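Me: I'd like to learn how to read salt bridges and nonpolar cores in a model. Could we go through them together?

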Amino acid sequence: MSKISTSLALGLSALGMTMTPAMAEEWRFNNFLPETRPETAQMEQFVEEVNAALGGETTLKLYSGGSLGLPNTDTLRFLPKGAVEMSLMWANYLGRDAPALSSVVVQGTIGSIEEFERVIPTVREIYQEEFTDWGVSSVGYVAIPMLSVSVFCRDEPVRTLEDLKSKKLRVWARDQVETFTRLGIAAQIVPQEEMYVAMKTGVVDCALYPALYAHTVSLQEVAQYASYLYPMASGPYVIGVATDRWEATDETVKAAITKAADDLWDRTNQYEKDLQLEMDARQTLADGGVVWGEDFSDEDRALVVSSMTETWAQLAEEAGGNAPAYRERVLDALGR
């Protein structure tokens, strides 16, 4: 080894670095979901498959649970600027910057797996178009199960909308705030990572949350009671890369990511087991001390769905631009 090479190697060693024949490029994959979520396990498999296909010249590294400190509501700001190479995105979190996205699928307006499966291709098309306008390429999708949303309460059971009017309710999106406000219920957005403390300290009395994921945020530790309220289908999570970076990416890397992303979608775009998974989750929560009460009535559920439908039209009108047309495309796909 020459003196120059030796000096360089010593310098790199002092900096905690090693010299390799070709320095591997690392893509940081920002994932706002907790490590305990099943979707995170799916994305871990996606990363493993990409890395295996590329053999180390380019590697993906998954950072879960918001560990990079990048707010999920800011994705359309930090991703095109290159703060990370890849990020998970969810349209319902991006309404501040892209109002049209938050009105593509308003949660609760799709009430069956059959409707959901009919509309998914249209939703993916819309997402791809909208994200392109923001300088982001949609390179993969992660399907979200057909969820059952329940009301978790801290101190006493709540099983009617009338009783919920006397409580402070945690929700996670603006469309829910609008929906419950129409029903005379005080709802406020509390981010997932702040929900535990908000419940424990009484900032909110109750929280909307799917039983399927409640254990991932230890909700059973701060909520004694729960009752099912409504079914919820959501647009899929999107894996995004800044368009300029994606266009400049080597075709071999693109192919590996695309193949693994297609497999990821095929694995997650399955809904046959959703009901059983929901019932198993409720039993696990009950075993952990949550008192599972009777469901909200059909009449209450119909009121929620009716209010959500009104909210959908309102949000699309307020957003303007492409939002009304997006809503009509989704309605057409639903056959409504």
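Reply: Happy to, and keep in mind that this model is predicted. Let's begin with one side chain: Arg-336 has 46% relative accessibility, so Arg-336 counts as partly exposed.

Me: Which residue forms a salt bridge with Arg-336?

Reply: The partner is Glu-115, with 3.1 Å between the closest N and O atoms. Glu-115 lies in helix H5 (residues 113-133), while Arg-336 sits in the segment after helix H14 (323-334), so the pair links distant parts of the chain, 221 residues apart. At 16% relative accessible area, Glu-115 is buried, because buried means under 20%.

Me: How many residues apart are Arg-282 and Glu-278 in helix H12?

Reply: They are 4 residues apart in helix H12 (residues 274-287), which means about one helical turn separates them. Their salt bridge has its closest N and O atoms 2.7 Å apart, and both residues are buried.

Me: Which residues are joined into one network by salt bridges that share partners?

Reply: Those are Asp-74, Arg-77, Arg-96 and Asp-97. Within this network, the side chains of Asp-97 and Arg-96 meet at 3.2 Å, N to O. Asp-97 is buried at 16% relative accessibility, whereas Arg-96, at 48%, is partly exposed.

Me: And the nonpolar core: which residues touch the most other members?

Reply: In the largest core, of 72 residues, they are Phe-46, Met-86, Phe-180, Leu-208 and Leu-219. Helix H11 (residues 251-268) gives this core its largest share, 6 residues. A second, separate core holds 39 residues, including Val-84 and Met-146.

Technical notes:
Residues numbered from 1 in each chain as written. Predicted model: local features only at pLDDT ≥ 70, side-chain atom pairs only at ≥ 80, totals over all residues. Heavy atoms only, no water. Core = buried A, V, L, I, M, F, W, Y, C linked by side-chain atoms within 4.5 Å. Buried < 20%, exposed > 50% of the residue type's maximum accessible area, 1.4 Å probe, protein only. Helix = DSSP H or I, 4+ residues; strand = E, 2+ residues; numbered from the N terminus. Salt bridge = Lys/Arg side-chain N within 4 Å of Asp/Glu carboxyl O.
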